[in-house]
Amino acid sequence: MKKRKVNKIASVFTAFFLAFTFLSRVEAAESEKSLQDQTEEQTQKITHMVAIDPGHQGPGQDMSGMEPNAPGSDVMKARIVAGTQGSTTGLAESELNLSVALKLRDELEERGYQVIMTRTEQDVDLSNIDRASIATEQGAEITVRIHANGSEDASVSGALTMIPSSANPYVGELYEDCYSLGAAVLESYCQATGLENNGVVETDTMTGLNWSTMPVTIIEMGFMTNPSDDLYMADENHQEIMAKGIADGIDTYFSQKGSTIE
Ligand SMILES: [Zn+2]
């Protein structure tokens, strides 16, 4: 009788032990799974690849060459053009574009993006087709082209983004994604900098847009011919803010894209 009671206690104890072991295993498997989910999320973020194209280049390049304005087009445009320059600071647009683009690269890499730069120095010979091809060959998902504006009217100020229209025969099918990207980048940029928002402009005459194989936008960060915009943009601290604003827009673009896929 006594022995049987001991046996019963032992079997109850064994049952508890087995149940406990089983639950621990379930728990371990669950926490392993959530760790795997986390790793997958991180990997997903890292795999977004962004091409940044700092517009123009340093002086000294042959500007006489021409190239087709779009794949198969008879319309020829200059393969290389000089940018504008700061009316107050004298800063070349190519230098401003590169300076902001390098800060944008660092900011995006810190946020986990892979970044393709079409150039990291002034002394390059890159046509607009070359710039689009680099992004395609490297497998970028989007291209953001960095520029600054110029006008004969010094009072004109503010930022805008440019995208192809839905009627564009070459890249019209990219219109909706280009619009999402252009709008997100412009909104975040203007919010961060306080510069005037001149809207998303549709154009089908830009070689660099027409040759793109992925969603693309040009940001015209401000008017270098406007003394206030010029002084603002030439400041290195402001350039950090400008780069963060553009990066915020890229974050927004990919998060909106993620939610429409689901
Ligand atoms: Zn430009």
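A residue counts as buried if 20 or more other C-beta atoms lie within 10 Å of its own, as exposed if 12 or fewer do, and as partly exposed in between. Keep that cut-off at hand for this tour of a predicted model.

**Stop 1: leucine 126.** Select leucine 126, in the loop between β4 and α3. Is leucine 126 buried, exposed or partly exposed? It has 18 C-beta neighbours inside 10 Å, so leucine 126 counts as partly exposed. Now add its contacts: leaving out residues up to four places away in sequence, leucine 126 touches Gln57, Thr118, Arg119 and Arg131. Draw a C-alpha to C-alpha distance from leucine 126 to glutamine 57. The two are 69 residues apart in sequence, yet 8.1 Å apart in space.

**Stop 2: helix α3.** Arg131 leads into the next selection, residues 128-137, which form α3. Colour Asn128, Arg131, Ala132 and Ala135; these are buried. They lie on the same side of α3, because they cover an arc of only 95 degrees around the axis. What do the buried residues of α3 pack against? Show strands β1 (49-54), β2 (66-68), β4 (114-117) and β5 (142-149), then add α5 (207-210). Before leaving, click glycine 139, which follows α3 and has a positive phi, near 80 degrees.

**Stop 3: the largest nonpolar core.** Nonpolar side chains tend to be buried together in soluble globular proteins. Here the largest nonpolar core has 49 residues. Select Val50, Val144, Val185, Ile219 and Ile246, the residues with the most contacts inside this core. Then display the elements that give two or more residues to the core: β1, α2 (93-110), α3, β5, β6 (159-163), α4 (175-193), β8 (216-223) and α7 (236-261). Centre on valine 144. Beyond its neighbours within four places in sequence, valine 144 is in contact with Val50, Ile52, Val185, Thr217, Ile219, Ile246 and Ile250.

**Stop 4: valine 200.** Move to strand β7, residues 197-202, and pick valine 200. Valine 200 has 20 C-beta neighbours inside 10 Å, so it counts as buried. Which residues does valine 200 touch, not counting those up to four places away in sequence? They are Thr161, Ile163, Tyr179, Gly182, Ala183 and Leu186. Threonine 217 is 17 residues from valine 200 in sequence, and 9.4 Å from it in space, C-alpha to C-alpha.

**Last stop: the whole chain.** Zoom out. The protein has seven helices and eight strands. Of its 262 residues, 37% are buried. Take the contacts between residues at least 6 apart in sequence: 80% of them join residues at least 24 apart.

Notes. Residues numbered from 1 in each chain as written. Predicted model: local features only at pLDDT ≥ 70, side-chain atom pairs only at ≥ 80, totals over all residues. Helix = DSSP H or I, 4+ residues; strand = E, 2+ residues; numbered from the N terminus. Arc of directions from axis to C-beta. Contact = placed C-beta atoms within 7 Å. Core = buried A, V, L, I, M, F, W, Y, C linked by C-beta atoms within 7 Å.
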